[in-house]
Amino acid sequence: MRYHLQTPNAYKIRLNGVSFSLGRKLKWPDNWFSLVHTINLNQYILNNYRGYLFSTGTSYNLNLTQEIARDSRNHNIFPTGGSYIKFTIQATPPYSLLNNVNYAIASDKQRYKFTEYHKWKFESQWFQTITGKLVLKAQAQFGFLGSYNSAVGQSAFERFKLGGDGMQGFDFLQGSELIAMRGYSNNSVVPVGANINNAQTSGSPIFTKYVMELRYPVINSQQATAFVTAFAEGGNTWNKFSDYNPFNVRRSLGIGAKIFLPIFGLLGIDYGYGFDKIPGIPDANKGQFHFSIAQQLGGFN
């Protein structure tokens, strides 16, 4: 694959990449488990691309991903029972431990030429019918991006952006992972005390998010499935694991409606109200409308 983004002021970022995956269903511990192996190679070419950990240069991201999941949901589109649990490890070779580069005095070109990190993600979803057709969904997510060598510092890629509709725009060019959080504007849930522009552009290395959602179907047929929702969400991001507190979250409440059409996927509109201000981003919270199209039914959205 090849992508290219150029801004009016000649700030440029380009991505070239290739990916191979192999997955299989497991019969142990039970028939709900699956295992996926993926190898990715991405090349990022930046030219004066501001708000990043580096602005000009070429970086290579070679990583291996191992994903194990257990999916016992009784329906993929509108589950009324069961659970979905996924644990993912993604890692690059530890280049800085194998070469002779002195990263204490290294230039950005040397520091970021070969991206290195280890990335850990966990997600769980649980569905339960409350009464009649009313269904409760509970969800928890966690992501951590670690480094092998403190002298190298954090990875410039594979970071998390929390807030908004979670839809991919050109953010995938930056090697970022978008996490939806209704009631806040896109990418606005940044760590306390962080540089706002850098945090919104490059993302954060740690995030946590929780969701409680009531769902009620209004259409349930082979041609379409539609349901209305009422939700409460909480989430946050951090720059250091020593600052991590899973109970220190930004909060929101809201309502929404979603419809699944085979030709488009899952379409939705939500209105969320974020209760917690984001310092430096005055319009980040309070009332927010979110539109989504072709979102995944599982995963981190």
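Me: Under what relative accessible area does a residue count as buried?
Reply: The model discussed here is predicted. Residues are sorted by relative accessible area: exposed means over 50%, and partly exposed covers the range between exposed and buried. Buried means a relative accessible area under 20%.

Me: Is Asp276 buried or exposed?
Reply: Asp276 is placed in the loop between strand E13 (265–274) and strand E14 (286–295). Its relative accessibility is 18%. Because the limit for burial is under 20%, Asp276 counts as buried.

Me: Which backbone nitrogen does the side chain of Asp276 reach?
Reply: Leaving aside residues up to four places away in sequence, Asp276 touches Tyr184, Val249, Arg250, Arg251 and Asn285. For one of these, the side chain of Asp276 comes to 2.8 Å from the backbone nitrogen. That nitrogen belongs to Arg251.

Me: With which residue does Arg251 form a salt bridge?
Reply: The closest N and O atoms of this salt bridge are 2.9 Å apart. The pair links distant parts of the chain, 25 residues apart, with Arg251 in strand E12 (residues 250–261) and its partner in the loop between E13 and E14. Arg251 is partly exposed at 44%, whereas the partner is buried at 18%. The partner of Arg251 is Asp276.

Me: Which residues are joined into one network by salt bridges that share partners?
Reply: By the rule applied, the count comes to 11 salt bridges. Some of these share partners and form one network. The network joins Arg182, Glu213, Arg215, Glu233, Lys258 and Asp270.

Me: How many residues apart are Asp30 and Arg70?
Reply: Asp30 and Arg70 form a salt bridge, with 2.9 Å between the closest N and O atoms. Asp30 is in the loop between E2 and E3, while Arg70 is in strand E4, so the pair links distant parts of the chain. Asp30 is partly exposed, with a relative accessible area of 22%, and Arg70 is partly exposed, also with 22%. The distance between Asp30 and Arg70 along the chain is 40 residues.

Me: Are Glu177 and Lys119 buried or exposed?
Reply: The side chains of Glu177 and Lys119 meet in a salt bridge at 2.9 Å, N to O. Glu177 lies in strand E9 (residues 177–179) and Lys119 in strand E6 (residues 118–131), so the pair ties together parts 58 residues apart in sequence. Both Glu177 and Lys119 are buried.

Me: Which strand supplies the largest share of the nonpolar patch?
Reply: The surface patch of about 680 Å² is made by Val18, Phe20, Ile39, Leu41, Tyr60, Leu62, Leu64 and Phe114. Strand E2 (12–25), strand E3 (33–47) and strand E4 (57–71) each supply at least two of its residues. Leu64, one of the residues in strand E4, counts as partly exposed at 43% relative accessibility. The largest share, 3 residues, comes from E4.

Me: How many residues has the largest nonpolar core?
Reply: The residues with the most contacts inside this core are Leu162, Met181, Tyr184, Val189, Val190, Ile278 and Ile281. A second, separate core of 11 residues includes Tyr11, Leu46, Tyr52 and Phe54. The number of residues in the largest nonpolar core is 13.

Conventions: Residues are numbered from 1 along each chain as its sequence is written. This is a predicted model: local features need pLDDT of at least 70, side-chain atom pairs count only at pLDDT 80 or more; totals for chains, interfaces and linings use all residues. Side-chain values use heavy atoms; hydrogens and water are left out. Patches are made of residues with over 30% relative accessible area and no salt bridge: like charges are joined within 9 Å, nonpolar side chains (Val, Leu, Ile, Met, Phe, Trp, Tyr) within 5 Å. Accessible areas come from the Shrake-Rupley method with a 1.4 Å probe; for residues, only the protein chains shown count as cover. A salt bridge is a side-chain nitrogen of Lys or Arg within 4 Å of a carboxyl oxygen of Asp or Glu. Helices (H or I, at least four residues) and strands (E, at least two) are DSSP runs, numbered from the N terminus. Buried means under 20% relative accessible area, exposed over 50%, partly exposed in between (1.4 Å probe, protein chains only). A polar contact is a pair of N or O atoms within 3.5 Å; within protein, one must be able to donate a hydrogen and the other to accept it, and residues adjacent in sequence count only if both atoms are side-chain atoms. Contact means heavy atoms within 4.5 Å. A nonpolar core is a set of buried Ala, Val, Leu, Ile, Met, Phe, Trp, Tyr and Cys residues joined through side-chain atoms within 4.5 Å.
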